[in-house]
Amino acid sequence: MANTAQARKRARQSLVRRGRNVALKSKLRTHVKNTVKAIASGDKSLASESYKIAVPVIDSSVAKGIIHKNKAARYKSRLNKQIANLS
């Protein structure tokens with residue numbers, strides 16, 4: 001257990017931050033998953049719309065430090081490539 005007031009405060013802050021980070025990461029995964037499902041359905045317009053919704057979520061996750069910028073670029077690149085390959 002934390003022995004100092006500072007350590008107790010840091011413990012409280014870390015719980016709040018962890019909760020926020022978990023929620024944001026879950027939101028990110030949900031949007032990516034929805035885009036992947038739209039791609040799997042084969043509907044290019046639905047996949048494209050889903051991708052347009054997912055991109056700002058991915059970018060905001062980078063800005064908030066949830067994921068690395070290269071991981072975000074990889075997500076966007078792979079999803080966009082899959083959408084482009086739909087007939």
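Me: How many salt bridges does a search of the whole structure find?
Reply: Quick note: this is a predicted model, where local features need pLDDT of at least 70, side-chain atom pairs count only at pLDDT 80 or more, and totals for chains, interfaces and linings use all residues. Residues are numbered from 1 along each chain as its sequence is written, and side-chain values use heavy atoms, leaving out hydrogens and water. A salt bridge here is a side-chain nitrogen of Lys or Arg within 4 Å of a carboxyl oxygen of Asp or Glu. K76 and D59 fit that, at 2.7 Å from N to O, and the search of the whole structure comes to 1 salt bridge.

Me: Which helices do K76 and D59 sit in?
Reply: Helices are DSSP runs of H or I with at least four residues, and strands are E runs of at least two, numbered from the N terminus. The pair is 17 residues apart and links distant parts of the chain. D59 belongs to residues 44-63 and K76 to residues 69-84, so the helices are α2 for D59 and α3 for K76.

Me: Is K76 buried or exposed?
Reply: Buried means under 20% relative accessible area, exposed over 50%, and partly exposed in between (1.4 Å probe, protein chains only). D59 has 35%, so D59 is partly exposed. K76 has 23%, which makes K76 partly exposed.

Me: What do the buried residues of α1 pack against?
Reply: Helix α1 covers residues 5-41. Its buried residues are L24, L28, V32, T35, A38 and I39. They pack against α2 and α3.

Methods. The expected span of a helix is 1.5 Å times one less than its number of residues. Contact means heavy atoms within 4.5 Å.
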